[in-house]
Protein chains: 2
Amino acid sequence: VTQQQQQQQGVEVVEVLVILPKNNSYVHSYPRVAPALLHAQQRLRAAGQFPGLTFKINYEDSECGNHALFALVDRACERRPDLILGPVCEYAAAPVARLASHWNIPMVTAGALAAAFSFKSGEYSHLTRVAPSYLKMAETFAAMFHHFAWKSALLVYEDDKGERNCHFIVEGVYMLLKDVKTYTYTFTSREQRLDTDDLLHGIYETEVVIMCMGADLIREVMLAAHRRRLTNGSTIFFNIELFNVSSYGNGSWKKGDKFDNEARQAYASLNTVTLLKTVKPEFENFSMEVKKSIQQADFNDCQDCGSINMFVEGFHDALLLYAIALHEAMKNGYNKKDGAQITALMWNRTFEGIAGPVSMDANGDRDQDFSIMAMTRPEAGTYEVVANYFAINGSFQVLSAFNMDHFTLRGRRKILPDTPD
Amino acid sequence: VTQQQQQQQGVEVVEVLVILPKNNSYVHSYPRVAPALLHAQQRLRAAGQFPGLTFKINYEDSECGNHALFALVDRACERRPDLILGPVCEYAAAPVARLASHWNIPMVTAGALAAAFSFKSGEYSHLTRVAPSYLKMAETFAAMFHHFAWKSALLVYEDDKGERNCHFIVEGVYMLLKDVKTYTYTFTSREQRLDTDDLLHGIYETEVVIMCMGADLIREVMLAAHRRRLTNGSTIFFNIELFNVSSYGNGSWKKGDKFDNEARQAYASLNTVTLLKTVKPEFENFSMEVKKSIQQADFNDCQDCGSINMFVEGFHDALLLYAIALHEAMKNGYNKKDGAQITALMWNRTFEGIAGPVSMDANGDRDQDFSIMAMTRPEAGTYEVVANYFAINGSFQVLSAFNMDHFTLRGRRKILPDTPD
């Protein structure tokens, strides 16, 4: 049976190249994502929904930088893949996305979340993003600022000078808070200690503080703010928490040290913006299967490899979305080499992902919904979702646990000249 | 004769891939550089200095961006070159340099002048720069600020958001003027008109103004400064002019409009930092040959294609330098595939280039000397070289035409509060 005959019969063997870090210190490393892709591959085969479609999956190590380009080029010289999944890191993803466009190969990733990748008319024409881009997340803040009529923001973030997730996350917020007076406070923890005095000086001048940094640093800031009585409602604090999906709301104020009680009180003023999770029953099976295959693979050196995060889920759905689009393209007389047509068919559509419906916008980016969590029982220090933002129509939904007082600025200080009392 | 036998006999056919823009709106387009490379190729063959070495030159279009990566990858998949010449534009050069390093291919260019390319320990390990990097040029300013004890600088530049030469040039100056109070004024002429009022507000606060932008804009600023009596010696003005080598000192104040006289007076306060040219007799032949072959090629649409600029000269010398290094490598038992060894042999050496001696530093960057030109006959409006900076030993040489008054700040205004007279 020749390849042409296979195509006529609707048979395609799709060469998938997955480019992710091998090193499992990344939440999107390929040892963590591989079981999810295996699950998707098996499900696609078993479903009988796409007869004749077979996926052959190869992995290349992207590290989190130039290596992605090298791996792609070396492999593509021998045999050009039909589909690229990944990379996630921005600096790794950029050259891969450019070559994908040049070679007419669809690239689908749960990463490349920075704002620059939203511009699809040129070098990123073949890029589809199944995870929520930072601009989508930033819409949540834009909606809140509009809803509550807040006027100023201080953006505080840690720039690790490597992956730079917080840099790119805050860039998105900055871009969308156009009508708000914004200040920025950045530091590199590798090079300097966070100076809370210096930082809090800035806090006095703004209504809302939006932070992106590690849990320990957030706690340090909240404790310092609490000691200066900034947690009395005169300032509203936000923490952005996109990746450690499993950990949110579990009381990150608790550290087992003597400051726990104080931290719990401080965190009563801290809200968290995170992904809205709608989980359907199949997700439990998926989650268990992924955990099982990770245990079998025996990653002894990986503490939290069993947890499902948005990357694991995203890459599962990426393969599914591509299969739907390729199947449709083939029905229309195209084949797996028609990258632009397949890409177009992935955009502007909704499909059932592993954790619920996934909606792709007309620009090939996922319409993700976000939740705002707040402490609803201060004496216990527990969090609940109090509001949701729905990207698809830009609506802001307030839930029963929502307390308007919590989002209302009280007793704003006037900015006084710097004189002693 | 097999390839192995050829090597044993000292015969190597070197595959050279030149990656430059095809479009001759660039001063480093390949129609302009090709005749110089042909000249070098013929000279190398005729000289008999490197018997057995033959150079096969292929061209690929880099445009001034991503296309360079695409061109390299597509060609290298078929046949990996032994030497890469170019690209010049920073955004085109970066991925090419990374792949050159990954594939162990020497890359020699008269471009990639931005400061980032100076860091050769990682991704740019195989990059050799035969043209003066912006950091080298910036040393000239550092030496002058030290020599004349100036304390503050205003850096004014046009960011074209494309090639961004002035952006990268000024970045170099900014990096080396660490002990000086520096202010930056940038604008994009495509998007906005230069607001000389706004700009001159900054000039009042600084001793030295360093500009990088088109000749017409320089003239606009100088005229405006003159009208506000800022050209009376209270401010020292510099213009950076690296590329249009043929035009400097020819009286760019002259435009044939009614402001010529005023402009000539204003330019008495404007100094130009440019490349020091030491031209040996062979250069005239070279220049004539290049002009002739460009005329024969009949570039009707290219007005100034006959002029030799530092890129044309640089790529000629790049091929020469590589030949010297390869020859030496082969004598030591290496061959053309030993990219790291050949690269090391290009660094930290001096050789005779087409226009005079070329000195490469231990980091693989050219030690270029620079000249400072000033108007020495204000009534005629003519310029002369008044001082030189020698990169190799960091010395500053004052010539007979130098006038200390011209570089001495006079009648510095105190910065007064913004009240009416």
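## A walk around a two-chain model

Start by selecting Leu17(B): at 1% relative accessibility, this residue counts as buried, because the cut-off for that word is under 20%. Keep in mind while you look around that this is a predicted model.

**Around Leu17(B)**

Show the backbone as a cartoon and you'll find Leu17(B) in strand 1, which covers residues 12-20 of chain B. Now bring up the residues it touches. Which ones are in contact with Leu17(B), leaving aside neighbours within four places in sequence? Select Asn58(B), Tyr59(B) and Glu60(B), then Leu72(B) and Arg75(B), and finally Pro81(B), Leu83(B), Ile84(B) and Leu85(B). Draw a distance line between the C-alpha atoms of Leu17(B) and Arg75(B): they are 58 residues apart along the chain, yet the line spans 9.0 Å.

**Two odd phi values in chain B**

Before you move on, a bit of background: most residues other than glycine have a negative phi, and most peptide bonds are trans. The next few stops go against that habit.

Select Glu63(B). Its phi is positive, at about 45°, although it is not a glycine. Look at the backbone on either side and you'll see that Glu63(B) sits in the loop between strand 2 (53-61) and helix 3 (67-78) of chain B. Is Glu63(B) buried or exposed? Neither, quite: with a relative accessible area of 42%, it is partly exposed, because that term covers what lies between 20% and 50%.

Then jump along to Arg164(B), another residue other than glycine with a positive phi, this time near 60°. You'll find Arg164(B) in a loop too, the one between strand 6 (152-158) and helix 6 (165-176) of chain B. Switch on the surface here: Arg164(B) has 18% relative accessibility, so it counts as buried, given the cut-off of under 20%.

**A cis bond in each chain**

Stay in chain B and select Gly86(B) and Pro87(B). The peptide bond joining them is cis, with omega about -15°. Pro87(B) lies in the loop between strand 3 (83-85) and helix 4 (90-103).

Now cross over to chain A and pick Gly86(A) and Pro87(A). What kind of peptide bond runs from Gly86(A) to Pro87(A)? It's cis, with omega near -15°. The loop that holds Pro87(A) runs between strand 3 (83-85) and helix 4 (90-102) of chain A.

**Two buried spots in chain A**

While you're in chain A, select Val312(A), in helix 11 (residues 310-331). Val312(A) is buried, with a relative accessible area of 1%. Show what it touches, not counting residues up to four places away in sequence: Arg32(A), Val33(A), Ala36(A), Phe286(A) and Val290(A). Add Leu37(A) to the selection as well. From C-alpha to C-alpha, Val312(A) and Leu37(A) are 8.3 Å apart, with 275 residues of separation in sequence.

Next up is Ser359(A), in strand 12 (residues 356-360) of chain A. This serine is buried, at a relative accessible area of 12%. Beyond its neighbours within four places in sequence, Ser359(A) is in contact with Arg349(A), Thr350(A), Asp365(A), Arg366(A), Asp367(A) and Ile392(A).

**Zoom out to chain A**

Hide the side chains and look at chain A as a cartoon. How many helices and strands does chain A have? Count 12 helices and 15 strands. Its radius of gyration is 23 Å, close to the 22 Å that the globule rule gives for 421 residues, so chain A is as compact as a globular protein of that length. Along the principal axes, its C-alpha atoms fill a box of roughly 90 × 45 × 45 Å.

Color by burial and 56% of the 421 residues of chain A count as buried. Among contacts in chain A with a separation of 6 or more, 71% are between residues 24 or more positions apart. Put the surface on: chain A exposes about 18500 Å², with carbon and sulfur atoms supplying 48% of that area. Color by charge, and the 41 positive and 49 negative charges have mean positions 2 Å apart.

**Both chains together**

Finally, bring chain B back. A 180° rotation with 0.0 Å of shift along its axis lays chain B on chain A, with an RMSD of 0.0 Å. The two copies are thus related as by a two-fold rotation axis. To find your way to the axis, select Cys77(B): of the residues of chain B, its C-alpha comes closest, at 2.4 Å. Now select the interface. Of the interface residues of chain B, 100% are also interface residues in chain A, so the copies meet through the same surface.

Terms used: Residues numbered from 1 in each chain as written. Chains lettered and ligands numbered in written order. Predicted model: local features only at pLDDT ≥ 70, side-chain atom pairs only at ≥ 80, totals over all residues. Heavy atoms only, no water. Helix = DSSP H or I, 4+ residues; strand = E, 2+ residues; numbered from the N terminus. Rg over C-alpha atoms; globule rule 2.2 N^0.38 Å. Buried < 20%, exposed > 50% of the residue type's maximum accessible area, 1.4 Å probe, protein only. Contact = heavy atoms within 4.5 Å. Areas by Shrake-Rupley, 256 points an atom, 1.4 Å probe, with all protein chains shown as cover. Lys, Arg positive; Asp, Glu negative; His and termini not counted. Charge placed at Lys NZ, Arg CZ, Asp CG, Glu CD. Least-squares fit on C-alpha atoms with pLDDT ≥ 70 in both.
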